[in-house]
Amino acid sequence: MANKLLLLTRKNEIYRELITQSNLPNLVILNNESDSIIEADIWFAEPALAAPLISQAKNLRWLQSTFAGVDKLVMPTLRRDYLLTNIKGIFGPLMSEYLFGYLLAHQREHLKYKQQQQQKNWLPGGYRTLQGQNILLLGTGSIAQHIAATAKHFGMTVTGINRLGTATYGFDRVDSIDNLAQHLSQADVVASILPNTPDTDNILNQQNLSLLKPEAIICNLGRGNVLDLDALTGQLNQTPNQQAILDVFSQEPLPKTHPIWSCANAIITPHIAAPSFPEQIVALFSSNYQLWQNQQPLNFIVDFDKGY
């Protein structure tokens, strides 16, 4: 019997063409009609688009998210009687490029030399390096593991924080999230790749932010809910040698009225650190579909209770 697939993304036609080209056996891609929500047993969907319709999915057995973050689908009020898988393994290189691009530019003072070039000034500055610095990664999943490997390449010491303090390959040490405060004061760079869960909400609050070194760099790459943006704004204004690199926010787009826009020591980007490429997502879905066809366990199954 054929599986019936519903596409629920902002790039439906692109995904329809790519999945069709994959020649997946016993798979029918349904049209964009309201009846398809009821008819489909597999959804290929963006969480924010799927969540309002999930209660109508009478035949849903498996939902493949096109995003890594699935917090919109794991809310306690929504149904959980289906398999939910997300995207992993493709964002680590992109996140590393983003993070270390900014870290290296800061360390080597790219902006200052560009300004001096415009003024035709030849003024060598102080030399700074990532070698020997301590980076604290909040999260130790696949993205954090890739960032850790890149950090080790630059000679950094890497500490990881996860829920239980579970040892993870590639980190010099790993501790539990309960002990976060004692590591913040030792870090030269703090980068959050945490998911959006009740345990991570507002974890970088005013109290924890106050523990950072006077010249620390804080980066939020995962989910906006982990960071108290108002508290960070006040701290950046009071601690001009600290730097913030921010790609995700609790409210997106970031309101134009928020004072963080005016912080000279903040870099704000519009959630572009690790864009997903349709070809990669379809490749992951195709691999999972073959497992589905063979009645084997799928890759990247989400635990509804944990939220990831």
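Here is a short conversation about a buried leucine and a five-stranded sheet in a predicted model.

Student: Where is leucine 204 found?

Tutor: Leucine 204 sits in the loop between strand S9 (189–192) and helix H8 (206–209).

Student: Why is leucine 204 called buried?

Tutor: Buried means under 20% relative accessible area. Leucine 204 has 2% relative accessibility, so leucine 204 counts as buried.

Student: What makes Leu138 a contact of leucine 204?

Tutor: The test for contact is heavy atoms within 4.5 Å. Leu138 is listed among the residues in contact with leucine 204, leaving aside neighbours within four places in sequence. The others are Leu184, Ser192, Leu209, Ile218, Val226, Leu227 and Asp228.

Student: Now the sheet. What is the order of its five strands?

Tutor: The order is S2-S1-S3-S4-S5, and the pairing is parallel in this open sheet.

Student: Why do strands S2 and S5 stand at the edges?

Tutor: Strand S2 (27–29) and strand S5 (83–85) each have a single partner strand, so one side of each is left without a neighbour in the sheet. From one strand to the next, the twist averages 20°.

Student: How do you know that strand S1 pairs with strand S3?

Tutor: Pairing requires at least two bridges between two strands. Four bridges join S1 (residues 3–8) to S3 (residues 42–45), so they count as paired, and they run parallel. For leucine 8, the bridge partner in S3 is alanine 45.

Student: Which helix lies across S1, S2 and S3?

Tutor: That is helix H1 (residues 12–21), which runs at about 150° to S1.

Technical notes. Residues numbered from 1 in each chain as written. Predicted model: local features only at pLDDT ≥ 70, side-chain atom pairs only at ≥ 80, totals over all residues. Heavy atoms only, no water. Helix = DSSP H or I, 4+ residues; strand = E, 2+ residues; numbered from the N terminus. Buried < 20%, exposed > 50% of the residue type's maximum accessible area, 1.4 Å probe, protein only. Axes fitted to C-alpha atoms, helices over the stretch in contact; angles between N-to-C directions.
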